[in-house]
Amino acid sequence: MRKKLSVLLLAAGLMLVAAGSVAFAQFRSGSYGSAKATGIEQLFPAPVTSDSNFSVGAYPSFPPELAEGEGRAETQSFCLMCHSTRYITMQPPLPAAVWEAEINKMIKTYGAPIPEASAKKITSYLQTHYTPETRKE
Amino acid sequence: MVTWRGNVSRRDALKFLGAAGGGLALGKWFAAPGGPAHAQERPDAKSIEAFTGPGPNPHWNSVGPYVSEPQKAPLILLTDRPVQLETPRNYFRTAFTPNDAFYVRWHLSEIPNNIDLAAWKLKMEGNVNKPLALSLSDLTTKFKPFSIAAVNQCSGNSRSRLQPRVPGGQWGNGAMGNAMWTGVRLRDLLDAAGVKDGSLQVQFQGLETGAGPSGLGSSAFLKSLEVSNSALDEAVVAYSMNGEPLPMLNGFPVRLVVPGYFATYWMKSLTWIRVLTAADENFWMKTAYRIPDTPRGNTTPEEIKAGSVKTVPIARMPVRSFLISPNGGTKVPAGFSITLRGIAFSGYGRIAKVETSDDSGKNWSAAVLGEDHGPYSFRTWEAAWTPRTPGKYTVAVRATDEKGNVQPDEPVWNPGGYLWNRVEKEEIVVGKAS
């Protein structure tokens, strides 16, 4: 009888421990971090015409936010002639000399008609905001 | 009864118990090896990383946001004009990459939104006996169809791994895909047009142009291969991708498929096939897409600065393999039998062997290869793995192709950010199961 009681007590004790640990320890629920959800644009179906035209409509633009500062306007207007400024924000932080070489490549290799004064401003803008020492976002 | 709210950490819980524990030895239920410092808390995930660097990108994929483009599932944005999109890791569980998830890479901003197939013709011109202008229905009905499974991989795939980082598309590993391509063999088309004596190269041009002055690389994208190159014997002008029309962003209505070669030669929206009698000196051959003429295309910034590096046009893809699952995001209980899965391929022929290691490459054991879809296809592989002891495991995978090329565990560096094929590694955490 005493043995039975002690078994019962032990069982009850274990259950208590188990209950406590369920509440406090074995798992923890309801934890949510913060994250931004970005919208995904739903596609329109292809036009229902049986002619020989195959169209996908316009490709969407996703203009990035460029760092604020001197030279941003020049950077936007000249770079956008050929490509979106995602080409800037996609890059890793690049050393100042690499940015200078990139601007030179755009002018000399690709023929971008950027006047010298503007090229200097663009180079300085990129070096001010997009190097390992300066890039923040 | 205490109700735990959102962000109460386990350490806070311990503090609470320490204060209110009342002698209950509950602490041991928490006691992971190493105590509270070993807590499973992860720092709150950043919403979206805008960039990586100056160190190597630590993620499997690049870090852009997901975007929806025409005919595409949400893919990872590199750039929007021209369009460059990366395929997320989870799409590589199978040997064939779905068309709507297939990565996208254009060089110049004027890319087709609309093609009128009543007007569009594939032109065979240059040093040929009989110039041809073929409609899509000519291609599908007048020539014998030919199918081949082949991997299309961007020359700069994994560029974000390089140290020091180099400018260019900052791809993770997802600038690749495998498809069953069906179309007309390039040789059949060249034979139909009749390549004349004295021909040196075949030039490919698609509907990809840019705002730059004519004659420069910024005005048109063109690529060429030697007439005598055996890759041309295997090349296909493909009008079908995994049994469907090509998505516009992957080169509708036809693109060139050059099995084993990097994607730079796989001209999208191919419209001109031009037989040349002199070497193509255009920017995309003479200046871009060139690799150091060294083992693995490896060099250093110092050698580049010194101007001592001879370069050649990029060509075949070195052997690579990838672990796709588990992806490192899930802790595995000790003793749990899981399956490592992934893909492998080589531009030099069939995958002969895939090996995995759970000690960062000290010891290797052979994986089981999946169905063989041909020498230029992704080959799936899997390996059973039962980690017995809790801890951190660095799982590595390496492939060997039929020519005996083995993936090295050494980085590559060249200024273009090409040819990365280092052994891939993933840290997998194994926890106590009892």
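In β14(B), Gly126(B) has Val275(B) as its bridge partner. That link belongs to the pairing of β6(B) with β14(B), which run parallel and share 4 bridges. Keep in mind that this is a predicted model. Below is a quick tour of the sheets, two helices, the contact between chains A and B, and some backbone oddities.

**Strands around β14(B)**

- β14(B) has another partner to look at: strand β10 (residues 201–209) of chain B is joined to β14(B) by 6 bridges, and here the strands run antiparallel.
- To find that pairing on screen, look for Gly206(B), which sits opposite Leu270(B) in β14(B).
- So β14(B) is worth a careful look, since its pairing with β6(B) is parallel, while its pairing with β10(B) is antiparallel.
- In a regular strand, side chains take turns pointing to one face of the sheet and then the other.

**An open sheet in chain B**

- Which strands make up the open sheet, and in what order? There are 4 of them, in the order β17-β19-β23-β22 of chain B, with antiparallel pairing.
- β17 (320–325) and β22 (368–369) of chain B are the edge strands, as each of them pairs on one side only.
- Take the β22(B) edge: this strand pairs with β23 (residues 379–385) of chain B in the antiparallel sense, over 2 bridges.
- Within that pairing, Val368(B) has Glu382(B) of β23(B) as its bridge partner.

**Helix α4 of chain B**

- This helix spans residues 186–193, and its buried residues are Leu186(B), Leu189(B) and Ala193(B).
- Why do they end up on the same side of α4(B)? They cover an arc of only 65° around the axis, and that puts them on the same side of the helix.
- Plenty of chain B helps to cover them, including α5 (231–234) and the strands β6 (122–126), β7 (132–134), β9 (176–185), β12 (236–241) and β14 (270–276).
- Notice that β6(B) and β14(B), from the top of this briefing, turn up again in that cover.
- Just past the helix, Gly194(B) has a positive phi of about 80°.

**Helix α4 of chain A**

- Don't mix this one up with its namesake in chain B: α4 of chain A covers residues 96–109, which is 14 residues.
- From first C-alpha to last, α4(A) reaches 19 Å, close to the 20 Å expected at 1.5 Å a residue.
- Trp99(A), Ile103(A) and Met106(A) are its buried residues. Looking down the axis, you'd see the buried residues fall within an arc of 55°, so they line one face of the helix.
- An α-helix has 3.6 residues a turn, so residues three or four places apart point the same way.
- What does the buried side of α4(A) pack against? The buried residues pack against α5 of chain A.
- Turned away from that buried side is a face with the exposed residues Ala97(A), Asn104(A) and Lys108(A).
- Just after α4(A), Gly111(A) takes a positive phi of about 75°.

**Where chains A and B touch**

- How many residues does each chain put into the contact? Chain B gives 53 and chain A gives 47.
- On chain B's side, α1 (10–20), α2 (27–30), β1 (66–67), β2 (75–79) and β5 (114–116) each supply at least two residues.
- The residues on that side of chain B split into 30 nonpolar, 17 polar and 6 charged.
- Strands pair across the chains too: β1 (residues 53–55) of chain A and β5(B) run antiparallel over 3 bridges. There, Phe54(A) stands opposite Ile115(B) in β5(B).

**Backbone oddities in chain B**

- The peptide bond from Arg81(B) to Pro82(B) is cis, with omega near -10°, and Pro82(B) lies in the loop between β2 and β3 (84–86) of chain B.
- Another cis peptide bond joins Phe252(B) and Pro253(B), with omega about 0°. Pro253(B) is in the loop between β12 and β13 (255–257) of chain B.
- Asn242(B) is found in the loop between β12 and β13 of chain B, and has a positive phi of about 50° although it isn't a glycine.
- Gln71(B), in the loop between β1 and β2 of chain B, is not a glycine either, yet its phi is near 65°.

**How far to trust chain A**

- Chain A has a mean pLDDT of 86, with 77% of its residues at 70 or more.
- Confidence in chain A is lowest in helix α1 (residues 2–24), at a mean of 60, and highest in helix α5 (residues 116–129), at 98.
- Where pLDDT is low, the predicted coordinates shouldn't be read in detail.

How values were computed
Residues are numbered from 1 along each chain as its sequence is written. Chains are lettered from A and ligands numbered from 1 in the order in which they are written. pLDDT is the predictor's confidence in each residue, from 0 to 100. Two residues are in contact if their C-beta atoms, placed from the backbone, lie within 7 Å. Ala, Val, Leu, Ile, Met, Phe, Trp, Tyr, Cys and Pro count as nonpolar, Asp, Glu, Lys and Arg as charged, and the others, Gly among them, as polar. Two strands pair if DSSP finds at least two bridges between them. A residue is buried if 20 or more other C-beta atoms lie within 10 Å of its own, exposed if 12 or fewer, and partly exposed in between; C-beta atoms are placed from the backbone. The arc is that of the directions from the helix axis to the C-beta atoms. The expected span of a helix is 1.5 Å times one less than its number of residues.
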